[in-house]
Amino acid sequence: MRALAALGQVAEAERLLEESFLLPSEDYITPATLMANLTAELRVHGHRQASSEVAEQAISWLLSRSEEGQGSWAHRYDLALAYYRGERWEDARSVLDQLASEAPGQVDVRGYLGALAARRNDRAEALAISEGLSGTATPPEFGVDSYKQARIASLLGDRERAVELLRDALARGWPFSVRVHGDVDLEPLRGYPPFEEFLRPKG
């Protein structure tokens, strides 16, 4: 699906997504996971409308799960991210605030709340959350705190700082992956030479 989206074959990618609903989930791979990946890939390659439609599909799928399943922390986190990718910022914030109250030290949740603060131009809160993330990553996710801070800096327009933080994340053990080039919070860095160099394949 990622490859087809990158090639502009949107209908074929969506056909494969429909087929995936017939397959059993494996560990953390669910239809919601696949829809999240496709949403990001479609968006980064300029298919904004299709990306929004898949994000809404993910939201609908998650909301259709049993009430018992909807109550789990993991399910609600997936729903928050689906709202986020669908640009339903207030819905995402509502779910993330609840999750943060239950797990105040959770780096991913705090990172998204910082990003949401940046998106609503609350620079003071965004920076406060970002500062609070420093040094909070633990094995096996060393560097993930710097990555979350980079996303906040990107949304605040601090491009130089954002790239510095991305490099720091990588140096500290954060695993670089395809998700970086499709990360919606790093969109403000597109076309910025240091960021493009960071993305360029090495070796």
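This is a chat about helix packing and pockets in a predicted model.

User: Let's start with α6 and α8, how do they pack?
Analyst: In this predicted model, helix α6, residues 73-85, and helix α8, residues 107-119, have axes that come within 12 Å and cross at roughly 25°. Angles under 35 degrees count as roughly parallel, and α6 and α8 are therefore roughly parallel to each other.

User: And which hand does the crossing of α6 and α8 have, left or right?
Analyst: The crossing of α6 and α8 is left-handed.

User: Which residues meet there, between α6 and α8?
Analyst: From α6 the contact takes Trp 73, Tyr 77, Leu 81 and Tyr 84, and these meet Asp 108, Val 109, Tyr 112, Ala 115, Leu 116 and Arg 119 of α8. By class, that contact of α6 with α8 has eight nonpolar and two charged residues, with no polar ones.

User: What about α7 against α8, what angle and distance?
Analyst: Helix α7, residues 89-102, packs with α8 at an angle of about 145°, and their axes are 10 Å apart. The crossing of α7 with α8 is left-handed.

User: Which side chains of α8 does α7 meet?
Analyst: On the α8 side they are Val 109, Tyr 112, Leu 113, Leu 116 and Arg 119, and on the α7 side the contact is made by Trp 89, Ala 92, Arg 93, Leu 96, Asp 97, Leu 99 and Ala 100. The contact of α7 with α8 divides by class into nine nonpolar, no polar and three charged residues.

User: Switching to α3 and α4, are they roughly parallel or antiparallel?
Analyst: The two helices, α3 and α4, pack at an angle of about 165° with their axes 8 Å apart, and that makes α3 roughly antiparallel to α4. Their crossing, that of α3 and α4, is left-handed.

User: Which residues make that contact?
Analyst: α3 brings Pro 31, Ala 32, Met 35, Leu 38, Thr 39, Leu 42 and Arg 43, while α4 brings Arg 48, Ala 50, Ser 51, Val 54, Ala 55, Gln 57, Ala 58, Trp 61 and Leu 62. By class, the contact of α3 with α4 has 11 nonpolar, three polar and two charged residues.

User: OK, pockets now. How much space lies in the largest pocket?
Analyst: The largest pocket holds about 1300 Å³ of space. It is lined by 45 residues, of which Ala 36, Tyr 77, Leu 81, Arg 85 and Arg 179 are the closest to its centre.

User: Which helices supply that lining?
Analyst: At least two residues of the lining of the largest pocket come from each of α3 (31-44), α4 (48-63), α6, α8 and α10 (144-155). Sorted by class, this lining of the largest pocket has 26 nonpolar, eight polar and 11 charged residues.

User: And the second largest pocket, what volume does it have?
Analyst: The volume of the second largest pocket is about 180 Å³. Its lining consists of Met 1, Leu 16, Glu 19, Ser 20, Leu 23, Pro 24, Ser 25, Glu 26, Ile 29, Thr 30, Pro 31 and Leu 34. The elements giving two or more residues to the lining of the second largest pocket are α2 (10-20) and α3.

User: Which helix gives the most to it?
Analyst: That is α2, with three residues in the lining of the second largest pocket. By class, the lining of the second largest pocket divides into seven nonpolar, three polar and two charged residues.

Note on methods. Residues numbered from 1 in each chain as written. Predicted model: local features only at pLDDT ≥ 70, side-chain atom pairs only at ≥ 80, totals over all residues. Heavy atoms only, no water. Axes fitted to C-alpha atoms, helices over the stretch in contact; angles between N-to-C directions. Helix = DSSP H or I, 4+ residues; strand = E, 2+ residues; numbered from the N terminus. Parallel < 35°, antiparallel > 145°, perpendicular 65-115°, else oblique. Left-handed = near helix turned anticlockwise from the far one by under 90°. Contact = heavy atoms within 4.5 Å. Nonpolar A, V, L, I, M, F, W, Y, C, P; charged D, E, K, R; others polar. 1 Å grid on protein atoms, 1.4 Å probe; cavity = no way out; pocket = protein on both sides within 12 Å on 5 of 7 lines; lining within 4 Å. Points joined across faces, edges and corners; volume = space filled by probe spheres on them.
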